[in-house]
Amino acid sequence: MNLLRWTSLVTIVVVMTLVGCGGGASSGDGNTTADAATETATVAVFCGKCGAEKGNESCCAADGAVCESCGLHKGTKLCCAALADEAKGKDICSGCGQVAEATHTCAVDGVKCEKCGLHEGSVACCKLKG
Ligand SMILES: [Zn+2]
Ligand SMILES: [Zn+2]
Ligand SMILES: [Zn+2]
Ligand SMILES: [Zn+2]
């Protein structure tokens, strides 16, 4: 009697686990799709005020060392990058090297620069620090 009850309990647990797995897998697929969409929409942007990657802890950090030559934080990607005047102080897209306006999306027909990986001819092409 006890064994019978135990067996049916195990059966219930197994069935629930299987059902749980199925549900988890399908919701996992949904998450993957959402993540991919977010990734394409959000490309890292270099902050025009400090030169660090936006959203990074070091971005506009109060204790960041300010570079005497360019006024951005020392050691950031944009520090002393010698950007064109039109791009100075502006946020730069790390995906294509263009000025990143609020609505910026990287041009799909942009030609990737072999040296720096940004789009050829963009304001930051071959001008960012290693
Ligand atoms: Zn910043
Ligand atoms: Zn600098
Ligand atoms: Zn871009
Ligand atoms: Zn380049």
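This report describes a zinc site, two salt bridges and a nonpolar core in a predicted model. Local features need pLDDT of at least 70 and side-chain atom pairs count only at pLDDT 80 or more, whereas totals for chains, interfaces and linings use all residues. Residues are numbered from 1 along each chain as its sequence is written.

The zinc ion (ligand 3) takes its protein donors (N, O and S atoms within 2.8 Å of the metal, or 3.2 Å for Na, K and Ca, with water not among the atoms) from Cys 93 (SG), Cys 96 (SG), His 104 (NE2) and Cys 106 (SG), which lie 2.0 to 2.3 Å from the ion. Their spacing in sequence is C-x2-C-x7-H-x1-C. The arrangement is tetrahedral because the four donor atoms subtend angles of 101 to 123 degrees, the criterion being that all angles lie between 85 and 135 degrees.

Two salt bridges (a side-chain nitrogen of Lys or Arg within 4 Å of a carboxyl oxygen of Asp or Glu) are present in the structure.

| Salt bridge | N to O distance |
|---|---|
| Lys 54 and Asp 91 | 2.6 Å |
| Lys 88 and Asp 85 | 3.4 Å |

With buried meaning under 20% relative accessible area, exposed over 50% and partly exposed in between (1.4 Å probe, protein chains only), Asp 91 is buried at 19%, while Lys 54 is partly exposed at 41%. Lys 88 and Asp 85 are both exposed.

The largest nonpolar core (buried Ala, Val, Leu, Ile, Met, Phe, Trp, Tyr and Cys residues joined through side-chain atoms within 4.5 Å) has eleven residues, including Phe 46, Leu 83, Ile 92 and Val 123.

Notes
Chains are lettered from A and ligands numbered from 1 in the order in which they are written. Side-chain values use heavy atoms; hydrogens and water are left out. Four donors count as tetrahedral if all angles lie between 85 and 135 degrees; four count as square planar and six as octahedral if opposite donors are over 155 degrees apart and all others between 65 and 115; anything else is irregular.
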